[in-house]
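I opened this notebook to record what I looked up in the structure, entry by entry, with the reasoning kept beside each result.

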Amino acid sequence: MNISESSLLITVMGFLSSLLATALVMPPLVLKLKRMGVMGVDVHKLNRPEIPEMGGLGIIVGLAVSSVIVMLLDNNSVPQISAFLLSSLIAGLIGAIDDLRPLNAKVKPILTAFAGIPVLLLGVYNPRPSVPIIGQMRLTIIYPILIPMAYAVMANAVNMLDVFNGAMPGSCIVALAALIVVSLLLRSKHGLILSAILLGSLIAYWRYNKYPARVFAGDVGSLSVGAAIASIAIIGRMEFVTVVAFLPHITNGFIILVSIGGFLERRQIKIRPTFLRPDQRLAANPDPRAPLTFVGLILASEPLYEYEVVKALIIITGFCGLLAIVSALLIILS
């Protein structure tokens, strides 16, 4: 399928409307969260300031506004955009509940799997994912079963990396930029449009979450972003390359789960994987009981300031984004 000029125009409109909607809603949202006392502690600062939480609601507003506009412009894409939006809303709702009344750590992954239901019900998937060298795989029976798992994995992987100022939006922005290039290479119309919608919202949100953060996304934000990424992979038929682009997020989640022996809430982990030195640099916790994390591996050689840690994460994600582009080229040659 060739990407038409009209599709490119819709992509630009989706990006701009998402960017603008989130940018407009963030200032009043931050003030509202402060007044309501919805605050979280920034544990990676010596003075441990309280920062408004659940700022991810602004991301969801951007996704919703942009999705509606895109559906009005492209009637043929209504099922795909609807599934994308509904999946993000379901994950966001679960995240909002968890932010206000923490869910059991073993229950949350199960609930986030339900974010895949809109894709299944609307049938906006193709059970033949493309893999480099191998080409198209036929997974007619198992593919629908894997969809809920994909949403649970991606949503919680993004959530687990949202621990430093700017880490979640910064790394996702770089990976999504790579997916836009991949979409053009693979001629994935919906991969392109959906990536642009999420990218616009995250760029607007990043301004408020970058170091030093003025707002946190909360689970409402990170889970909805993770679900949106899963939708891009499945609806856009870019499963393999999306996994490659977001390898740091997935690897981090896997390392944490293995090291702590299963699902535990952040609040349940008594020994932190990193600690803050008096000079405000972060260092890996030498305690053998501390969970292993991707960031811990980055800090293994030397302590770094928080913004340096985030910069390293973004650079690594950028490298994975380049690998995703190479993977797309290999798929084309397969």
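Before the first entry I fix one term: I call a residue buried when its relative accessible area is under 20%, and exposed when that area is over 50%. I also note that the model is a predicted one.

Entry on the cysteines. I looked up Cys172 and found a relative accessibility of 0%, so by that cut-off Cys172 counts as buried. I then searched for disulfides and found zero in the structure. Cys172 takes part in none, and the nearest cysteine sulfur to its own belongs to Cys320, 13 Å away, whereas a disulfide would need the two sulfur atoms within 2.5 Å. Cys320 is likewise in no disulfide, with the sulfur of Cys172 as its nearest cysteine sulfur, and Cys320 counts as buried because its relative accessibility is 6%.

Entry on helix H7. I traced this helix over residues 167-186, which makes 20 residues, and its span from the first C-alpha to the last is 28 Å, close to the 28 Å expected at 1.5 Å a residue. Since 14 of the 20 residues of H7 are buried, I describe the helix as largely enclosed by the rest of the structure. Just after H7 I noted that Arg187 takes a positive phi of about 55°.

Entry on Ile110. I located this residue in helix H4, which covers residues 107-113, and asked whether Ile110 counts as buried or exposed. Its relative accessibility is 54%, so Ile110 counts as exposed. I also took the C-alpha separation between Ile110 and Gly56, which are 54 residues apart along the chain, and obtained 21 Å.

Entry on a sheet. I followed three strands that form an open sheet in the order E5-E6-E7, with antiparallel pairing. Strands E5 (274-276) and E7 (304-305) stand at the edges, and each has a single partner strand, so one side of each is left without a neighbour in the sheet. Strand E6, residues 281-284, is joined to E7 by two bridges, and I identified Leu304 in E7 as the bridge partner of Leu282.

Entry on enclosed space. I counted one cavity of 30 Å³ or more, and the largest cavity holds about 50 Å³ of space. Its lining consists of His44, Lys45, Tyr211, Gln280, Tyr305, Glu306 and Tyr307. Sorting the lining residues by type, I recorded three nonpolar, two polar and two charged.

Methods
Residues are numbered from 1 along each chain as its sequence is written. This is a predicted model: local features need pLDDT of at least 70, side-chain atom pairs count only at pLDDT 80 or more; totals for chains, interfaces and linings use all residues. Side-chain values use heavy atoms; hydrogens and water are left out. On a 1 Å grid over the protein atoms alone, a cavity is a set of points where a 1.4 Å probe fits but cannot get out, and a pocket is an open set with protein on both sides within 12 Å along at least five of seven lines; lining residues have an atom within 4 Å of a point. Grid points are joined across faces, edges and corners, and a volume is the space filled by probe spheres set on the points. Ala, Val, Leu, Ile, Met, Phe, Trp, Tyr, Cys and Pro count as nonpolar, Asp, Glu, Lys and Arg as charged, and the others, Gly among them, as polar. Two strands pair if DSSP finds at least two bridges between them. Helices (H or I, at least four residues) and strands (E, at least two) are DSSP runs, numbered from the N terminus. Buried means under 20% relative accessible area, exposed over 50%, partly exposed in between (1.4 Å probe, protein chains only). The expected span of a helix is 1.5 Å times one less than its number of residues.
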